[in-house]
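Hi there,

Here is the structure I promised to pass on, together with my notes on it. Have a look at it first, and then read on below.

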Amino acid sequence: MERNPHVTVFADGDALAAALADRVATALSAALETKERVSLAVSGGSSPLQVHGLLAERPLAWDRVDVVLVDERWVAPDHEGSNEAFVRETLLHDCAQDAQLTGLWSETGNLPAGATIASRAMAYVSQPLDVVLLGMGPDGHTASWFPSAEGLTAALADDASPVVAIRAQASDVTGALTERLTLSLPMVAEATSISLLMRGETKRAVFEQALSDGDVEDLPVRAILRKRPDMWVGWAP
Ligand code: 6PG
C-alpha cells in the first residue's frame, strides 16, 4: 500500500464537490446493497457545504442512512455554531430529508458526560462507519483533533471510546468554541470509505507538511493519513 494518500487535484471547487458527491453516493449505494442500514459521518465547516447540497439531490434510500457528525462544538442545536444544525440545514432536505441524524450534543451540560452519552448513542449506528467525509483546518486538524488539544491523546488512542471530549487551545481556527466532541481515530480509521476535501494553497501546503515526518500532535490530520494512506483526498484552489 502507498505510504501517502494520493491527492486528486480539481480545477475548482465545483468540480471537487461534484466528484466527491459522486464518490460518497457511490459508496453509500454499494453499502445499501449489502446492509439494511448504512452510516455516513459528515463534518462541519465551510468545505462540505456544496457536497451536502449535491448529495441531498441524490435519489438514494436515505431512510436507511444513519447520518452522524464527525465532530460537534459543545453548543445546543439552536446555536449558530452547531454542526448538527448545519447538517440538518445543508444535507437533510430533498431526497435526503428522511435520513436519520444522530447528533453528538446533549443537555447534560457537562462535556465529559456528553462524550459518554454520545459514545453510547453511536452503538445504535451502523458500524464500522460506511462513509466518512472529513475537512481539514489550516492548523492541520481534522475532526476536532486540534493540535495539542486537551483530550487529543485520548481521541487518537487505539482503545479510544467512539466519541471523545476535546478542549482545544483557542486560536483563529477554533474561534470561541474550544469545547468539542469528536469521533475518535479508531471510529474514523475503521470506516470503509474515507474522503478528505480541502481548498486553497494554504491548506495544500499544510497537507504536504503533514505528509512529512513529525509529531501527530502538531498536525493531527497525520493520524488518519498514516492509518489510512488509501483514503481519498481531493483538493481545489
Ligand atoms: C468543524 C469541522 C472541522 C472542519 C475543519 C475544516 O466543526 O469546524 O468539523 O473539523 O472539518 O475545521 O473546516 P473548513 O472546511 O471550514 O475549512
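**E190 and its surroundings**

E190 touches P128, L129 and R228, leaving out residues up to four places away in sequence. Before I go further, please keep in mind that this is a predicted model. E190 is found in the loop between α6 and β9 (193-199). Is E190 buried or exposed? With a relative accessibility of 53%, E190 counts as exposed, because the cut-off for that class is over 50%. If you want a feel for distances, try E190 and T174: they are 16 residues apart along the chain, and their C-alpha atoms are separated by 26 Å.

One of the residues that E190 touches, P128, deserves a second look. The peptide bond from Q127 to P128 is cis, with omega near 0 degrees. P128 itself lies in the loop between α4 and β6 (131-134).

**Backbone points to check**

As you know, most residues other than glycine have a negative phi, and most peptide bonds are trans. Which residues have a positive phi although they are not glycines? I can point you to D94, with a phi of about 50 degrees, and to S148, with a phi of about 60 degrees. D94 has its place in the loop between α3 and β5, and at 51% relative accessibility it counts as exposed. S148 lies in the loop between β6 and α5 (152-156); its relative accessible area is 42%, and S148 is partly exposed.

**Aromatic rings**

The count of aromatic pairs comes to two. In one of them, F10 and W232 are tilted, at 6.0 Å from centre to centre and with 50 degrees between the planes. This pair links distant parts of the chain: F10 is in the loop between β1 (7-9) and α1 (13-34), W232 is in strand β10 (residues 232-236), and their positions lie 222 residues apart in the numbering. F10 is buried, with a relative accessible area of 15%, and W232 is buried too, at 14% relative accessibility.

W74 and W105 form a pair as well, with ring centres 6.3 Å apart and planes at 50 degrees, so this pair is tilted. Here too distant parts of the chain are linked: W74 is in the loop between β4 (71-73) and α3 (83-90), while W105 is in the loop between β5 (100-102) and α4 (111-122), 31 residues apart. W74 is buried, with a relative accessible area of 13%, whereas W105, at 24% relative accessibility, counts as partly exposed.

There is also a charge to look at beside the ring pairs. R204 lies over the face of W235, at 5.4 Å from the ring centre.

**The largest pocket**

What is the volume of the largest pocket? It is about 300 Å³. Of the 20 residues that line this pocket, G44, G45, R73, G137 and H141 are the closest to its centre. By type, the lining of the largest pocket divides into five nonpolar, eleven polar and four charged residues.

**Three more residues: S184, R3 and P229**

S184 is found in the loop between β8 (179-183) and α6 (185-189). Why does S184 count as buried? Its relative accessible area is 0%, and buried means under 20%, so S184 falls in that class. Apart from its neighbours within four places in sequence, S184 is in contact with W145, A155, A160, S161, P162 and V164.

R3 has its place in the segment before β1 and, at 55% relative accessibility, counts as exposed. Setting aside neighbours within four places in sequence, R3 is in contact with L211, D213, L225 and P229. R3 and D22 are 19 residues apart in sequence, and 25 Å apart in space from C-alpha to C-alpha.

P229, one of the contacts of R3, is in the loop between α8 (221-227) and β10. P229 is buried, with a relative accessible area of 10%. The C-alpha atoms of P229 and A118 are separated by 28 Å, with the two residues 111 apart along the chain.

Happy to talk any of this through whenever it suits you.

Best wishes

Conventions
Residues numbered from 1 in each chain as written. Predicted model: local features only at pLDDT ≥ 70, side-chain atom pairs only at ≥ 80, totals over all residues. Heavy atoms only, no water. Phe/Tyr/Trp six-rings, centres within 6.5 Å; stacked < 30°, edge-to-face > 60°. Helix = DSSP H or I, 4+ residues; strand = E, 2+ residues; numbered from the N terminus. Buried < 20%, exposed > 50% of the residue type's maximum accessible area, 1.4 Å probe, protein only. Lys NZ or Arg CZ within 6 Å of the ring centre and 35° of its normal. 1 Å grid on protein atoms, 1.4 Å probe; cavity = no way out; pocket = protein on both sides within 12 Å on 5 of 7 lines; lining within 4 Å. Points joined across faces, edges and corners; volume = space filled by probe spheres on them. Nonpolar A, V, L, I, M, F, W, Y, C, P; charged D, E, K, R; others polar. Contact = heavy atoms within 4.5 Å.
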